[in-house]
Amino acid sequence: MAPSFSFNCDCIDYGKVSYSFPNRQVVKFSNTSTVPFKFQLRIPGDGKLSEKEFDIKPSRDLIQPKSTLEIEIIFISLMPRIYDMVMVVDIDGVGQDMFSLPIKAESEVPLVKIEPMKSLNFGTIFLRNPDVQ
């Protein structure tokens with residue numbers, strides 16, 4: 001029989017996020033069984049090394065019986081798009097993909113609008129002395 005565990009949420013939902021900015025979510029991972037187990041958390045389909053968009057801490061650990069760990073997931077979108085992914089739990093010596101927790105996000109490029117002013121007032125300035133506004 002596999003160890004039992006749970007998360008404190010049904011989905012990790014980042015909502016709308018700005019492209020290329022870090023976004024943080026924390027979930028609680030609980031070992032509800034009476035035995036310790038080693039686990040690994042991963043996101044299938046996430047890139048390799050410099051192309052990874054998700055950083056899970058800790059991504060692997062030993063969790064003691066009847067205890068809870070805080071898991072931090074930092075998400076930095078590498079492209080504007082809708083994300084519909086999962087974080088899966090592997091238990092060492094038991095099996096892979098024992099559970100999948102949905103991850104949702106919508107990454108957008110922020111709209112920045114610069115409106116020119118009618119005039120800039122530098123006041124009194126001196127020759128060969130830069131003034132910036």
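**View 1. The loop between β2 and β3, with Y19 and S20.** In this predicted model, Y19 counts as partly exposed, at 32% relative accessibility, and Y19 is found in the loop between β2 and β3. How far apart are Y19 and E108 in sequence and in space? They are 89 residues apart along the chain, yet their C-alpha atoms are 5.3 Å apart in space. S20 is found in the loop between β2 (12–18) and β3 as well, and its phi is near 75°, a positive value in a residue other than glycine. S20 has a relative accessible area of 44% and is therefore partly exposed, because partly exposed residues lie between the limits of 20% and 50%.

**View 2. The whole chain and its elements.** The protein has nine strands and zero helices, so that a reader who follows the elements from the N terminus on meets the run β-β-β-β-β-β-β-β-β. Along its principal axes, the C-alpha trace spans about 80 × 25 × 25 Å. The radius of gyration of the protein is 23 Å, whereas a compact globule of 133 residues would have a value near 14 Å. Of the 133 residues in the protein, 29% are buried.

**View 3. The open sheet of four strands.** Here the strands follow the order β1-β3-β7-β5, and their pairing is antiparallel. Why do β1 (5–7) and β5 (54–57) each have one side without a neighbour in the sheet? Both stand at the edges and have a single partner strand each, so one side of each strand is left without a neighbour in this sheet. Neighbouring strands of the sheet are turned by 25° against each other on average, with direction ignored. Within the sheet, strand β3 (residues 22–31) and strand β7 (residues 68–76) run antiparallel and are joined by nine bridges. To follow this pairing residue by residue, one may look at S30, whose bridge partner in β7 is T68.

**View 4. The open sheet of five strands.** This sheet has the order β2-β9-β8-β4-β6, with mixed pairing. Which strands form its edges? The edge strands are β2 and β6, and each of them pairs on one side only. The average turn between neighbouring strands of this sheet is 25°, again with direction ignored. Strand β4 (residues 37–42) and β6 run antiparallel and are joined by four bridges, and in this pairing F37 stands opposite I63 in β6.

**View 5. Strand β8 and its partners.** Is strand β8 (residues 82–91) mostly covered or mostly uncovered? Strand β8 is mostly covered, since seven of its 10 residues are buried. Four bridges join β4 to β8, and these two strands run antiparallel; in this pairing Q40 stands opposite D90 in β8. Nine bridges join β8 to β9, and these strands run antiparallel too, with M87 standing opposite L101 in β9. The hairpin of β8 and β9 has three residues between the strands, and in this hairpin G93 takes a positive phi near 75°. As a general point for reading such a view, the side chains in a regular strand alternate between the two faces of the sheet.

**View 6. The loops on either side of β6.** The loop between β5 and β6 (60–63) holds P58, and a cis peptide bond, with omega about -10°, joins K57 and P58. The loop between β6 and β7 is the place of K66, a residue that has a positive phi of about 55° although it is not a glycine. Is K66 buried or exposed? K66 has a relative accessible area of 58%, and because exposed means over 50%, K66 is exposed.

**View 7. A nonpolar patch on the surface.** Which residues form the nonpolar patch on the surface? The patch is formed by M117, L120, F122 and I125, which together have about 420 Å² of accessible area. One of these residues, I125, has its place in the segment after β9 (95–108).

Conventions
Residues are numbered from 1 along each chain as its sequence is written. This is a predicted model: local features need pLDDT of at least 70, side-chain atom pairs count only at pLDDT 80 or more; totals for chains, interfaces and linings use all residues. Side-chain values use heavy atoms; hydrogens and water are left out. Two strands pair if DSSP finds at least two bridges between them. Axes are lines fitted to C-alpha atoms, for helices over the stretch in contact, and angles run from 0 to 180 degrees between N-to-C directions. Patches are made of residues with over 30% relative accessible area and no salt bridge: like charges are joined within 9 Å, nonpolar side chains (Val, Leu, Ile, Met, Phe, Trp, Tyr) within 5 Å. Accessible areas come from the Shrake-Rupley method with a 1.4 Å probe; for residues, only the protein chains shown count as cover. A salt bridge is a side-chain nitrogen of Lys or Arg within 4 Å of a carboxyl oxygen of Asp or Glu. Buried means under 20% relative accessible area, exposed over 50%, partly exposed in between (1.4 Å probe, protein chains only). The radius of gyration is taken over C-alpha atoms; the globule rule is 2.2 Å times the number of residues to the power 0.38.
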